[in-house]
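Trainee: I have a model open and want to learn how to read it. Where do we start?
Mentor: With the structure itself, then one feature at a time.

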Amino acid sequence: MYTDLVNKHFGNMKRQLIEKELSEFTANNQECVVLDVGAGKGANFAYLPPNASVICIEPDPLMRQALQTNVLGYPRVKLEKVIGGFAEDMSEIDSGSVDVVIATHVLCSVDDIKQTLKEIKRVLRKGGKYIYMEHVAARESNWLHYLQCILSPVWRWVLICRLDVDARQHIEGAGFASQKDEYFIVGQLEPIFSMFTIIWSHVTRPHLFGVAIK
Ligand SMILES: C[S@@+](CC[C@H](N)C(=O)[O-])C[C@H]1O[C@@H](n2cnc3c(N)ncnc32)[C@H](O)[C@@H]1O
């Protein structure tokens, strides 16, 4: 449900970002190796070009099972490998072997953001791209920011997700050669009927979309 809701809302933005950043490969019909970190049940399959060889890393066995089923709905996706593991240790993937890393709504979930970014940078080849889309801490010191800070510890504990991640600062700290992203507050997600979903749809509105190049 989460993936469907998120893709319904962000699908066009994801498609545009991924299409733009992979255009150098699609224009030349050149093979590229794409790593989807924290791939969930394959939320990004719909946006990948046919010339991509895809590796997914996902720690949750139920998500991996759903991913293996969902990929059948995308015959053009060449799924090379699904790794049951964590982004903090991607030792199954050689350094400099990946053209593009995609991670959407993942930095909020990992235990160690710094180590995750170090691994993302390690596996990318020089000039390789890290495409990200994250819900992040509100930049403004307003009620939303305070609500995120208050809720984040319990959110982390119950939903395994942090609300107060400053993804831009973390990515800047990882030392990519360049980084270009956009921060914005997305509109309310859906017609919302429960107290939880009302809160969820508010506290996850600040987003960061972008690309960092190694
Ligand atoms: C909010 S979901 C996002 C899934 C998908 N990327 C999307 O855009 O819908 C976060 C995903 O990260 C995975 N995850 C959690 N901790 C992780 C870690 N340390 N390394 C890699 N993935 C992790 C979760 O199992 C889950 O599938």
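Trainee: Does K14 count as buried or exposed?
Mentor: Keep in mind that this is a predicted model. To judge burial, count C-beta atoms around the residue; 20 or more within 10 Å means buried. K14 has 21 C-beta neighbours inside 10 Å, so K14 counts as buried.

Trainee: Which helix holds K14, and which residues is K14 in contact with, beyond its neighbours within four places in sequence?
Mentor: K14 sits in helix α1, residues 2-21. Outside that sequence window, K14 contacts N44, Y47, T104 and M133. Sequence distance and spatial distance are separate readings. K14 and A46 lie 32 residues apart in sequence, yet their C-alpha atoms are 9.6 Å apart in space.

Trainee: How do I read the sheet? What is the order of its strands?
Mentor: Strands of a sheet pair through backbone hydrogen bonds, parallel or antiparallel. Here seven strands form an open sheet with mixed pairing, ordered β3-β2-β1-β4-β5-β7-β6. The edges are β3 (78-83) and β6 (178-185); each has a single partner strand, so one side of each lacks a neighbour in the sheet. From one strand to the next, the twist averages 15°.

Trainee: In which sense do β4 and β5 pair, and over how many bridges?
Mentor: Strand β4 (98-104) and strand β5 (124-135) run parallel over six bridges. Take one pair: V101 has Y130 in β5 as its bridge partner. Helix α4 (113-123) packs on this sheet and touches β1 (32-37), β4 and β5. The direction of α4 makes about 145° with that of β5.

Trainee: Now a helix face. Which residues of α3 are buried?
Mentor: The general idea is periodicity. An α-helix has 3.6 residues a turn, so residues three or four places apart point the same way. In helix α3 (61-70), the buried residues are M63, R64, L67 and N70. Viewed down the axis of α3, they fall within an arc of 125°, so they line one face of the helix.

Trainee: What do those buried residues pack against, and which exposed residues does the face turned away carry?
Mentor: The buried residues of α3 pack against β2 (52-57) and β3. The face turned away carries exposed P61, L62 and T69.

Trainee: Last feature: the ligand. How many residues surround it, and which are the closest?
Mentor: Read a shell by its members, then by class. There are 21 residues around the ligand, and the closest are G38, G40, A43, A87 and T104. By class, the shell has 11 nonpolar, six polar and four charged residues. T104 also appeared earlier, among the contacts of K14.

Note on methods: Residues numbered from 1 in each chain as written. Predicted model: local features only at pLDDT ≥ 70, side-chain atom pairs only at ≥ 80, totals over all residues. Pairing = 2+ DSSP bridges. Helix = DSSP H or I, 4+ residues; strand = E, 2+ residues; numbered from the N terminus. Axes fitted to C-alpha atoms, helices over the stretch in contact; angles between N-to-C directions. Contact = placed C-beta atoms within 7 Å. Buried ≥ 20, exposed ≤ 12 C-beta atoms within 10 Å, placed from the backbone. Arc of directions from axis to C-beta. Near = placed C-beta within 6 Å. Nonpolar A, V, L, I, M, F, W, Y, C, P; charged D, E, K, R; others polar.
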